[in-house]
Amino acid sequence: MSSPWFFVTLLTLIAIVSPTPLAEARAFFVFGDSLVDNGNNNYLATTARADSPPYGIDYPTHRPTGRFSNGLNLPDIISEQIGSEPTLPYLSPDLRGRKLLIGANFASAGVNIIRIFRQFEYFQEYQRRVTKIVGQQQAQRLVNQALVLITLGGNDFVNNYFLVPFSARSRQFSLPDFCRYLISEYRKILLRLHELGGRRVLVTTTGPLGCVPAELAMRSRNGECVPEVQRAAAIFNPLLVQLIQQLNSQLGSTVFISANAFSMNMDFITNPQRFGFVTSKVACCGQGPYNGLGLCTRLSNLCPNRDVYAFWDNFHPSERANRLIVQQFMIGSTQYMNPMNLSTIIAMDSRS
């Protein structure tokens, strides 16, 4: 499961400033899909990779890194905010020694490349490696005190249920039943993550799936969001929030925090100018209607100013959009971050 992207609202007049660490640096672990993949797929035999230009055009090195972005992605910017160095892809040969103690990114773009339970197996392997360096007690403390981000759900709809007319899943399930099936699977995933030591887990809902340039290009007749794909998010997301509340009650602690990507994004998509974008329909890099068809490559249309485009490619937000999103993660109200935002969590943890 995974989630194509998500955006933020409210921050029209808030400048993007250099982050100030809110507490001592803590480890950071990332699981999920292409929205949060820092380059694990670079080390795999797959076409679901972002290691060729123009990806990375605005990254500090101006080179592609495997991030599905023109520059930094969500995990990079969260790392800035919590006072940590960016996490490295777990499959990177550079992830060794002291760099292991920062955390790791286990996410993978695409469908069935590194499935989520395989990502968890890598997480267990990671813990064994850290234990050899600092001992079991310190390794467990590092994991328990870490921030965890998990981004899932979107690919199950756009690259599975709605991928083709009369897909296997759509013949097997009605849309509401498919959403309930996904939630039953997500329950297993989150409980397993807790078993592996996750105690502060940020869980993103899906964004407005029917509004990404890829869906507009393939299914929209007039540039409006695709109703049936939007309906999927509208059914799935409340069920996910309900699941998180149930699990926190069951565990007797605020382990899981939901980020309401759908509500954030709908404000953003319906009024992009309010957030400083010229469009939320057309991707910066791509081809076809809305630049929403196919991969972003050297031969694609490429906008000159990425900062005024909400979408970098057909599914993924630009770095500037990612920065707005993370600010919302940090300061957002309970309408967007339930039961609390990351600034509150970090401040609370620093007092305990």
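Select Cys179 first, in this predicted model. The sulfur of Cys179 has its closest cysteine sulfur in Cys211, 16 Å away, which is too far for a bond. Cys179 is nevertheless buried, with a relative accessibility of 0%.

**The disulfides**

Next, display the cysteine side chains that are bonded. How many disulfides does the structure hold? There are three.

Begin with Cys211, the residue whose sulfur is the closest to that of Cys179. Cys211 is joined by a disulfide to Cys225, with 2.0 Å from S to S. The two cysteines are 14 residues apart and link distant parts of the chain. Cys211 is found in the loop between strand S4 (201-204) and helix H7 (213-219), while Cys225 is found in the loop between H7 and helix H8 (227-251). Viewed along the S-S bond, the link of Cys211 and Cys225 is right-handed, at 115°. Is each partner buried or partly exposed? Cys211 counts as buried, because its relative accessibility is 1%. Cys225 counts as partly exposed, because its relative accessibility is 22%, and the range for that class starts at 20%.

Move on to Cys284 and select Cys303 with it. A disulfide with an S to S distance of 2.0 Å joins Cys284 to Cys303. This pair, too, links distant parts of the chain, with its members 19 residues apart. Cys284 belongs to the loop between helix H9 (261-270) and strand S6 (285-286). Cys303 belongs to the loop between strand S7 (301-302) and helix H10 (319-331). The link of Cys284 and Cys303 is left-handed, with -95° about the S-S bond. Both cysteines are buried.

Then select Cys285 and Cys296. Between Cys285 and Cys296 there is a disulfide, again with 2.0 Å from S to S. Cys285 lies in strand S6 and Cys296 in the loop between S6 and S7, so this disulfide ties together parts that are 11 residues apart in sequence. The link of Cys285 and Cys296 is right-handed, with 90° about the S-S bond. Cys285 and Cys296 are both buried.

With the bonded cysteines of the protein chain numbered in sequence order, the pairing reads 1-2, 3-6, 4-5.

**Phe173**

Now select Phe173, in the loop between helix H5 (168-172) and helix H6 (175-195). Phe173 is buried, because its relative accessible area of 18% is under the cut-off of 20%. Which residues does Phe173 contact, leaving aside its neighbours within four places in sequence? They are Tyr161, Phe178 and Tyr181. For a view of distance, add Leu193 to the selection. Phe173 and Leu193 are 20 residues apart in sequence, and their C-alpha atoms are 27 Å apart in space.

**The cavities**

The last stop concerns enclosed space. Rolling a probe the size of a water molecule over the atoms shows where empty space is left. Across the whole structure, a search finds two cavities of 30 Å³ or more. The largest cavity has a volume of about 50 Å³. To find the largest cavity, select the residues that line it: Ser34, Leu35, Phe68, Ser69, Asn73, Leu74, His316, Pro317 and Asn322. What is the make-up of the lining of the largest cavity? The lining consists of four nonpolar residues and five polar residues, with no charged residues.

Definitions and conventions
Residues are numbered from 1 along each chain as its sequence is written. This is a predicted model: local features need pLDDT of at least 70, side-chain atom pairs count only at pLDDT 80 or more; totals for chains, interfaces and linings use all residues. Side-chain values use heavy atoms; hydrogens and water are left out. Helices (H or I, at least four residues) and strands (E, at least two) are DSSP runs, numbered from the N terminus. Buried means under 20% relative accessible area, exposed over 50%, partly exposed in between (1.4 Å probe, protein chains only). Contact means heavy atoms within 4.5 Å. A disulfide is a pair of cysteine sulfur atoms within 2.5 Å. On a 1 Å grid over the protein atoms alone, a cavity is a set of points where a 1.4 Å probe fits but cannot get out, and a pocket is an open set with protein on both sides within 12 Å along at least five of seven lines; lining residues have an atom within 4 Å of a point. Grid points are joined across faces, edges and corners, and a volume is the space filled by probe spheres set on the points. Ala, Val, Leu, Ile, Met, Phe, Trp, Tyr, Cys and Pro count as nonpolar, Asp, Glu, Lys and Arg as charged, and the others, Gly among them, as polar.
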